[in-house]
Structures are given as C-alpha cells and as structure tokens.
Amino acid sequence: MMSDQDLLHRIAAGDRSAFTAFYDRYAPRVWGLVSRLLRRREDAEDALQTTFWHVWRSAAQYDATRARPEVWLLLLARCRALDHLRRQKPAAPLPEVDFPSRYELGGGLEQSENAQQVREALGQLPEEQASAIRLAFFAGLTHEQIAERQATPLGTVKTRIRRGMQRLRELLGAANEVTAS
Amino acid sequence: MTPHAPHHDPAETAALYVAGALTAEEAAAFEASLANDPASLAEFRKLEPVAAALFASVSLPPPAAVRDALESRVAADTTVRNANRGPAVLPIGNPPGLPRRRTGWRWFGAGGWLVAAASLLFAVGLWWHLRPNLSDPEKQREALLAMRDRQGSDVIQIDWARAGDSAAKSASGDVVWSTSAQKGFVRFRGLAANAPGVYQYQLWLFDADRDERYPVDGGVFDIPPTGGDVIVSITPKLRVGRPTLFAVTIEKPGGVVVSTRERLTLVAKVL
C-alpha cells in the first residue's frame with residue numbers, strides 16, 4: 001500500500017487516482033469529525049468537500065516535519081469545521097453538548113480497535129479531565145467556553161486539558177505497546 | 001517565547017491545540033509558531049499520536065455524493081490545469097526547480113542604457129515627490145498619479161475587476177504603481193470589512209519574469225468597517241520587474257507565503 005506521503009506527492013503532481021486513494025483512506029475520519037462538530041448535514045458535507053478540495057489544490061504545502069499526513073488533514077478539517085461552527089452563531093448560547101459517552105464513542109466502527117483504546121483511555125481519566133477534553137474535541141468548545149460551561153476558572157480548565165492529554169498519551173502509548181507485543 | 005501568548009507554555013498550548021480548545025486566533029498563532037519554535041513543535045509532536053487516535057475514533061462512512069462531487073470537480077480542474085499547462089498546486093517555501101529569474105542585463109539592447117537613464121531620472125523625481133514627509137497614503141498616491149503624465153514615467157493606473165468572492169461583490173477601486181520606484185497604492189471602496197484575527201486580505205503582484213505560480217507578496221492589509229475609500233501602500237517583498245497582474249486574496253491572519261487562491265476577491269490586469 002502506498003504511504004500517505006507518497007500519495008500526497010502524487011496528488012501534488014496532479015495524480016487523480018492518488019487523490020481518490022487518499023480520500024477513500026481518510027474521508028471516514030474527516031466525515032466522522034466534521035459531522036460531529038457541525039450539526040447540519042449540509043454544513044458537514046461542505047466541510048468534507050472543501051477539506052479534500054484543499055488537499056487537491058495544496059498537497060504540496062504539506063510539510064512532513066510538522067505533522068504526519070493524517071493529522072495534518074484532520075487538523076485542517078477541524079479548523080474549517082470550527083471556523084464554520086463559531087462563525088455561524090457567535091452570539092448564540094453555548095450548545096447543549098451530547099458528547100459521546102464511553103459507550104457511544106467510536107460507535108461508527110464498533111470493531112475499531114483504535115476506538116476501543118480511546119474509549120478505555122478516556123474512561124481512565126479523572127472525569128473533570130475527560131469532560132474538558134470531550135467538550136473541546138467532540139463539541140468544538142474553546143477553553144473559555146468550557147470554563148463558562150463548567151463554572152470553573154480558565155486556568156483550571158487549561159490544566160485539566162493539559163494533564164488529560166498527557167495522560168491520554170501515556171495510556172494510548174501503553175496500549176499500542178501492548179498491541180505491538 | 002513565541003508571539004502568540006505573553007505567558008506561553010508550549011506544553012499547555014500544544015495540549016489545548018490538539019484538543020481543539022484554542023480560539024481560531026490562538027490556533028493560527030500556534031500553527032505559525034511550529035515553524036520557528038522548536039519547543040512548540042516538540043510538544044505538538046509528542047501529542048500527535050493522541051490526536052491521531054482521537055480523530056480515528058470518530059470515523060464514520062462518508063456520504064457517497066461528496067465523493068462523486070469531488071471526483072467531478074477534480075476532473076474538471078485537471079482539464080483546466082492541462083489547458084493552462086501549469087499545476088494548480090502551490091508549494092510553500094522555496095520550491096525547487098523554479099526557472100531562474102531573468103536578469104535585467106538581458107533587456108539592455110540598443111538604446112537600453114538610455115531607457116535605463118530615463119528611468120533612473122524618473123525614479124529620482126518620484127522619490128522626491130514621495131519623500132517621507134508625505135506620510136498620508138492618499139497624498140502619496142496623488143503625488144504618484146501626478147507623475148503619470150511626465151516624460152519617462154512608468155506609473156500605471158488600473159481599475160480592479162471583481163473575481164467572484166462574496167467579500168468583493170460591491171467592491172471597486174484601482175491600483176497605481178511605478179515599477180521603477182517599486183512603489184504603489186491600492187484603493188478600495190466597498191470591499192467587505194474583515195476581522196483581522198480571523199482573516200486578512202493579501203495583495204499579490206504577478207511578474208512576467210517569475211513563475212506565475214509564485215507571485216510576489218504585496219503585503220497583508222485590513223478593511224475597517226468605517227466605509228469610504230481605503231488606500232493601502234503596496235509593499236512588495238521582492239522586486240517586481242514586469243508586473244502583469246495584481247490580485248487580492250483572503251488569507252489567514254498574517255498572510256501566507258503561497259496562496260491557494262481559494263478566495264480571490266479582486267484582480268487588476270496590466271494591459
């Protein structure tokens with residue numbers, strides 16, 4: 001199977017088959033992300049399309065020293081979705097967040113080992129850390145909005161997210177080591 | 001210390017960034033810092049596996065209609081690209097294999113030195129008219145325009161044409177430019193006001209002596225919500241020898257090195 005970087009190089013050269021392969025490989029993740037952040041289906045479809053259109057037009061901008069290809073792509077998709085989300089209703093009250101529970105997370109791919117690992121790792125975090133991460137990652141709330149929602153000082157929210165992400169790194173790294181062995 | 005936060009903790013900012021908890025402005029600043037702040041890049045890369053795992057955990061089958069639409073769009077773009085004999089991709093940084101810029105010496109045929117001398121005299125005159133005590137861009141623009149009819153003048157004035165982006169649906173204005181002085185002004189009326197922390201306008205100068213994929217950055221600017229004419233001084237980052245087109249795009253705050261031209265607002269073609 002061709003590597004992500006090779007696909008991006010070929011896309012940059014105008015290879016449509018490479019673009020299709022890259023789309024098929026990562027469109028489910030992009031769709032899962034943007035459709036969770038953007039409630040309206042047409043908005044999510046637009047975000048999905050514009051994200052991959054950007055890949056087609058700007059694959060040569062990818063810099064391997066910054067991020068691996070799928071992270072570059074998903075960060076790009078999230079940026080577009082959050083721009084849309086936060087631009088749509090800047091003055092609206094914070095949305096009711098139905099972030100995925102530990103049982104719902106990864107529900108789109110029940111057999112996904114990765115989803116299972118993330119679910120378990122989030123479940124091992126202190127609830128205040130997991131909650132802050134869920135509100136940011138799955139609902140698109142900024143640290144200020146999370147602080148407001150949780151009636152918690154901003155600094156506390158930042159600390160919770162930092163510690164939670166660092167703990168997730170340890171847990172997921174350990175899980176991958178177990179998987180690899 | 002990076003420019004995006006006065007009390008910047010790379011580990012904390014990277015965690016907030018990966019979690020998606022930064023505002024658009026903060027996220028853009030952090031992304032910019034990855035280019036020149038090794039500490040930020042190191043912290044980000046530590047958390048990259050977490051980002052990948054979180055992103056993968058929300059995977060869902062995408063709608064087939066989007067794939068079909070993209071395939072059609074890409075096929076159409078390929079056709080246009082082939083017709084124009086130039087790729088649509090826009091590499092960032094210093095792209096390899098760019099044709100070398102032709103030096104000015106090639107243009108010095110018979111009489112070339114006379115042209116050069118006339119241009120030099122014109123440039124000196126122009127400098128006098130545009131000397132620093134004329135700090136008001138409107139006055140400087142008027143002074144430059146006043147030079148247009150003088151002998152040896154290379155001052156041009158071109159009206160903007162709208163390029164389809166909604167931000168420019170009511171926009172008009174012009175470009176005034178002198179190649180010998182490497183100075184000019186763009187004037188706008190009716191161009192949508194921007195929120196500088198969300199996006200900015202960026203001017204580009206296309207040069208016949210350069211690859212059209214890599215126009216010269218003419219600087220970023222903002223349009224305030226006050227209405228009326230807005231005049232912006234053109235500040236090209238590189239010398240522009242033979243301008244062919246001026247263009248304005250919408251970019252992330254601070255501008256970009258190479259634009260994808262996804263949001264092209266106005267163009268002014270040099271005839």
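Rings of Phe, Tyr and Trp, the last by its six-membered ring, pair if their centres lie within 6.5 Å; planes under 30 degrees apart are stacked, over 60 edge-to-face, and the rest tilted. On that basis, the whole structure holds 15 aromatic pairs over all chains.

Before details, the ground rules. This is a predicted model, where local features need pLDDT of at least 70 and side-chain atom pairs count only at pLDDT 80 or more, while totals for chains, interfaces and linings use all residues. Residues are numbered from 1 along each chain as written, chains are lettered from A in written order, and side-chain values use heavy atoms, without hydrogens or water.

Take one pair. Phe22(A) and Phe52(A) meet edge-to-face, 6.4 Å centre to centre, with 65 degrees between the planes. Phe22(A) is in helix H2 (residues 16-37) of chain A and Phe52(A) in helix H3 (residues 41-58) of chain A, so the pair ties together parts 30 residues apart in sequence. Helices here are DSSP runs of H or I, at least four residues, numbered from the N terminus. Both rings' residues, Phe22(A) and Phe52(A), are buried, meaning under 20% relative accessible area with a 1.4 Å probe, protein chains only. They belong to one aromatic cluster with Phe19(A), Tyr23(A), Tyr26(A) and Trp56(A).

Now charges over rings: CZ of Arg or NZ of Lys within 6 Å of the ring centre and within 35 degrees of the ring normal. Arg73(B) lies over the face of Trp53(A), 4.1 Å from the ring centre. Arg263(B) has its charged end over the ring of Tyr199(B), 5.8 Å from the centre.

Last, Arg141(B). Its place is helix H6 (residues 137-146) of chain B. Arg141(B) counts as buried, at 9% relative accessibility.

Methods. Helix = DSSP H or I, 4+ residues; strand = E, 2+ residues; numbered from the N terminus. Buried < 20%, exposed > 50% of the residue type's maximum accessible area, 1.4 Å probe, protein only.
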